[in-house]
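Colleague: I would like to go through this chain with you, from the overall fold down to single residues. Please show the model before we start.

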Amino acid sequence: MRNVFLGLIVGVALGVFLFYQYNDRETIKPCGYGKEYIIENFQEWITKGIQEKDARIKDKPIKVVDAVGILEYNSIPHFDKIELYEDLKDSRVCKATLLVNYTPNSTEENIEEIRVRFQKVNSSPDEGGYRSMNMSVSGFDFEEIAKSALEYFRKYNKK
């Protein structure tokens with residue numbers, strides 16, 4: 001009887017431990033952000049990148065519908081032996097794949113993938129102890145994102 005009681009206690013303790021472990025994983029935000037924050041920022045940045053080359057985006061908007069495969073890099077990405085991001089304390093360099101609808105106002109969806117990189121940086125605490133989160137994209141990565149986005153935009157919005 002004592003072994004059954006001990007087994008029951010161990011089983012309950014293990015169940016509680018696994019329950020809390022599973023719930024903690026569900027609250028982890030990828031690369032320190034909620035997906036909505038990533039989508040919102042890239043919606044704005046991609047629109048600006050296209051607008052620099054094609055003013056028709058004012059009449060034919062795009063819509064970032066999702067961000068998938070959000071992962072953190074182990075090290076800072078390089079291009080031609082140059083670090084694209086700064087190695088700052090409390091920062092993360094991440095990548096994701098954006099799903100962008102190039103015809104959100106039509107009945108047919110034209111969704112394309114754009115791979116992006118970005119850096120999440122926590123600021124130093126202010127007088128009240130508040131730390132803000134900032135997101136940035138390197139100049140090289142922004143140019144690549146804008147170039148891909150513009151190609152897709154022109155593909156679905158022919159003159």
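The turns below go through the fold, the sheet, the helices and a few residues of this predicted model.

Colleague: In what order do the elements of the chain run from the N terminus on?

Modeller: The secondary structure comes to three helices and six strands. Reading from the N terminus, the order is α-α-β-β-β-β-β-β-α.

Colleague: Among contacts between residues at least 6 apart in sequence, what share joins residues at least 24 apart?

Modeller: A contact here is a pair of residues with heavy atoms within 4.5 Å. Of those contacts that link residues at least 6 apart, the share spanning at least 24 places is 62%.

Colleague: What percentage of the residues count as buried, and how much of the exposed area do carbon and sulfur atoms supply?

Modeller: The cut-off for buried is under 20% relative accessible area. In this chain of 159 residues, 31% meet it. The chain exposes about 11,000 Å², and the carbon and sulfur part is 53%.

Colleague: Which strands are the edge strands of the open sheet of four strands?

Modeller: The sheet has the order E1-E4-E5-E6 and antiparallel pairing. An edge strand pairs on one side only, and that holds for E1 (63-72) and E6.

Colleague: By what angle are neighbouring strands of this sheet turned against each other on average?

Modeller: The direction of the strands is ignored for this value. On average, the turn between neighbours in the sheet is 35°.

Colleague: How many bridges join E4 to E5, and how many join E5 to E6?

Modeller: E4 (residues 91-101) and E5 (residues 111-122) are antiparallel, and valine 100 stands opposite glutamate 112. E5 and E6 (residues 133-136) are also antiparallel, with lysine 120 opposite methionine 135 and asparagine 122 partnered by methionine 133. The E4-E5 pair has eleven bridges, and the E5-E6 pair has four.

Colleague: Which strands does H2 lie across?

Modeller: H2 covers residues 35-51 and runs at about 120° to E1. The strands it lies across are E1, E4, E5 and E6.

Colleague: H2 and H3 pack at an angle of about 70°: are they roughly parallel or roughly perpendicular?

Modeller: The axes of H2 and H3 (residues 139-156) are 8 Å apart. Residues making the contact include Phe42, Trp45 and Ile46 of H2 and Phe142, Ile145 and Ala146 of H3. Angles of 65 to 115 degrees count as roughly perpendicular. The packing angle is about 70°, so H2 and H3 are roughly perpendicular.

Colleague: Is aspartate 54 buried or exposed, and which side chain does its own side chain make a polar contact with?

Modeller: Aspartate 54 lies in the loop between H2 and E1. Its relative accessible area is 5%, so it counts as buried. Leaving aside neighbours within four places in sequence, it is in contact with Leu150, Phe153 and Arg154. The polar contact, at 3.4 Å, is with the side chain of arginine 154.

Colleague: What are the phi values of aspartate 80 and lysine 81?

Modeller: Most residues other than glycine have a negative phi. Aspartate 80 is in the loop between E2 (78-79) and E3 (82-83), and lysine 81 is placed in the loop between E2 and E3. Both have a positive phi without being glycine: near 55° for aspartate 80 and about 65° for lysine 81.

Colleague: Why do aspartate 80 and lysine 81 count as exposed?

Modeller: Exposed means over 50% relative accessible area. Aspartate 80 is exposed because its value is 64%. Lysine 81 is exposed because its value is 82%.

Key:
Residues numbered from 1 in each chain as written. Predicted model: local features only at pLDDT ≥ 70, side-chain atom pairs only at ≥ 80, totals over all residues. Heavy atoms only, no water. Helix = DSSP H or I, 4+ residues; strand = E, 2+ residues; numbered from the N terminus. Buried < 20%, exposed > 50% of the residue type's maximum accessible area, 1.4 Å probe, protein only. Areas by Shrake-Rupley, 256 points an atom, 1.4 Å probe, with all protein chains shown as cover. Pairing = 2+ DSSP bridges. Axes fitted to C-alpha atoms, helices over the stretch in contact; angles between N-to-C directions. Polar contact = N/O pair within 3.5 Å; in protein donor to acceptor, adjacent residues only side chain to side chain. Parallel < 35°, antiparallel > 145°, perpendicular 65-115°, else oblique.
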